[in-house]
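Biologist: Hi, have you got a minute to go through this one with me? I'd like to talk about the ligand site and the empty spaces.

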Amino acid sequence: MTKQEIVDLLTKLDMAPSKKLGQNFLIDQNIIDFIIRCVEPQSGERILEIGPGTGAITQKLVDKGVHVTAVEFDYRLAGFIRDRYKDTAGFVLHEADACKVDYDELLGDESYRCVANLPYAISSVFVSVLLNVKNPPKQIFVVLQKEMADRLAAKPRTKAYGALSVRIQALYNVEVTRKVPNKVFHPNPGVDSGLLDARIKDGDVPSQEFRKRLEEVTKLAFSQRRKQVKKQLAQRFQMSFILDFFNKNGIKETARAEEITVEQYMKFTAATLEE
Ligand code: SAM
């Protein structure tokens, strides 16, 4: 849809874009086509789309024969999407807050990917939720605030590296593939966005128990990032266990959270579960 078509649709739905709901709709056909070229949707595959909104990405996925499961919180947009795709095979609309959905119940054991232009306000909570589901997506390809995308792809020893960087990189190879200028949205969000491409790593997906423990470990570790990480971890684990692990794995006793690699966090988490 062009900007004018979106403005007209929103008028018809008697709504104004909500800042709180991150309603910045894609109006640039080139970026929509670019996303679709990157995603390479396959006919018959399942894709989870968060916030279909006015259907900019949804329509392209449906055109390719994708079975879309869409989660939309805004009841007016949900009504519009439900009506638009009521006769589309494989299309499921779930009207809910994407951070509160039980994705294992919604998607079962079926293999799927997640594609979305995410509302800014929920992006970190939503990614966090998705990382802990029993059956995580094979790929997460999302438009995100650039700063958030950079955080997810951040490497150790950088300011952007944090708990969510570790957790997503434990499961996925993560890349920010390009910057998205703010003029491709209506209304203009005033900040640049980025395309995040996270592809699941080869091998078995770490168990849900492991991923939940990793969340606990990283949250603790990064809770006071300027302090020595051992002190944070000692709130939950024995100091002797922590120091023994650090010594055996070449981690300085004075290390800060950001100096520990994803692999080391994973190894530590596994060790805590063996205790
Ligand atoms: N996909 C559309 C596009 O690219 O033009 C719209 C993207 S817009 C950035 C975000 C969409 O997410 C809006 O449709 C908004 O109503 C919806 N949304 C906001 N918060 C949500 C939540 N907690 N759960 C599900 N959808 C939400």
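Modeller: Happy to, and we can take the ligand, then the pockets and the cavity, then a couple of backbone details. One thing to keep in mind is that this is a predicted model.

Biologist: Good to know. Which residues come nearest to the ligand?

Modeller: There are 22 residues around the ligand, and Q23, L26, G51, E72 and A98 come nearest.

Biologist: Which strands supply at least two residues each to that shell?

Modeller: Those are β1, residues 25-26, and β3, residues 67-72.

Biologist: And how does the shell split by class?

Modeller: Twelve of the residues around the ligand are nonpolar, six are polar and four are charged.

Biologist: Let's get to the atoms. What does L26 do at the ligand?

Modeller: L26 uses its backbone: an N or O atom there lies 2.8 Å from an oxygen atom of the ligand.

Biologist: Which residue brings a polar side-chain atom to a ligand nitrogen?

Modeller: That's D97, with a polar side-chain atom 2.9 Å from a nitrogen atom of the ligand. A98 also has a ligand nitrogen atom 2.8 Å away, but there the partner is a backbone N or O atom.

Biologist: How much of the ligand's accessible area does the protein cover?

Modeller: The ligand has 590 Å² of accessible area on its own, and the protein covers 98% of that.

Biologist: Where does the ligand sit in terms of pockets?

Modeller: You'll find the ligand in the largest pocket. That pocket holds about 430 Å³ of space. Its lining is made up of 29 residues, with L21, G22, G51, E72 and P119 closest to the centre.

Biologist: I remember G51 and E72 from the ligand shell. Which elements supply at least two residues each to the lining of the largest pocket?

Modeller: Yes, G51 and E72 are on both lists. As for elements, β1, β2 (46-50), α3 (56-63) and β3 each supply at least two lining residues. By class, the lining of the largest pocket has 18 nonpolar, seven polar and four charged residues.

Biologist: Switching topic, what is the volume of the second largest pocket?

Modeller: The second largest pocket has a volume of about 280 Å³. Among its 19 lining residues, R151, G162, A163, L164 and S165 are the closest to its centre.

Biologist: Which helices give two or more residues to that lining?

Modeller: They are α6 (123-131), α7 (146-153), α8 (163-171) and α9 (208-221). Of these, α8 gives the most to the lining of the second largest pocket, with four residues.

Biologist: And its mix of residue classes?

Modeller: The lining of the second largest pocket divides into eight nonpolar, five polar and six charged residues.

Biologist: OK, on to closed spaces. How many cavities of 30 Å³ or more turn up in the whole structure?

Modeller: The search finds one. Its volume is about 30 Å³.

Biologist: What lines the largest cavity?

Modeller: The lining consists of L233, F245, F246, I251, I260, Q264, Y265 and F268. Two elements give two or more residues to it, α11 (239-248) and α12 (262-274). α12 gives the most, with three residues. By class, seven of the lining residues are nonpolar, one is polar and none is charged.

Biologist: Last topic, the backbone. Where is there a cis peptide bond?

Modeller: Look at the bond from H186 to P187, which is cis with omega near -10°. P187 is in the loop between β8 (185-186) and β9 (193-200).

Biologist: And what is the phi of D14?

Modeller: D14 has a positive phi of about 60°, although it is not a glycine. You'll find D14 in the loop between α1 (3-12) and β1.

Biologist: Great, thanks for walking me through it!

Methods: Residues numbered from 1 in each chain as written. Predicted model: local features only at pLDDT ≥ 70, side-chain atom pairs only at ≥ 80, totals over all residues. Heavy atoms only, no water. Near = heavy atom within 4 Å. Polar contact = N/O pair within 3.5 Å; in protein donor to acceptor, adjacent residues only side chain to side chain. Areas by Shrake-Rupley, 256 points an atom, 1.4 Å probe, with all protein chains shown as cover. 1 Å grid on protein atoms, 1.4 Å probe; cavity = no way out; pocket = protein on both sides within 12 Å on 5 of 7 lines; lining within 4 Å. Sits in = over half its atoms within 2 Å of the grid points. Nonpolar A, V, L, I, M, F, W, Y, C, P; charged D, E, K, R; others polar. Points joined across faces, edges and corners; volume = space filled by probe spheres on them.
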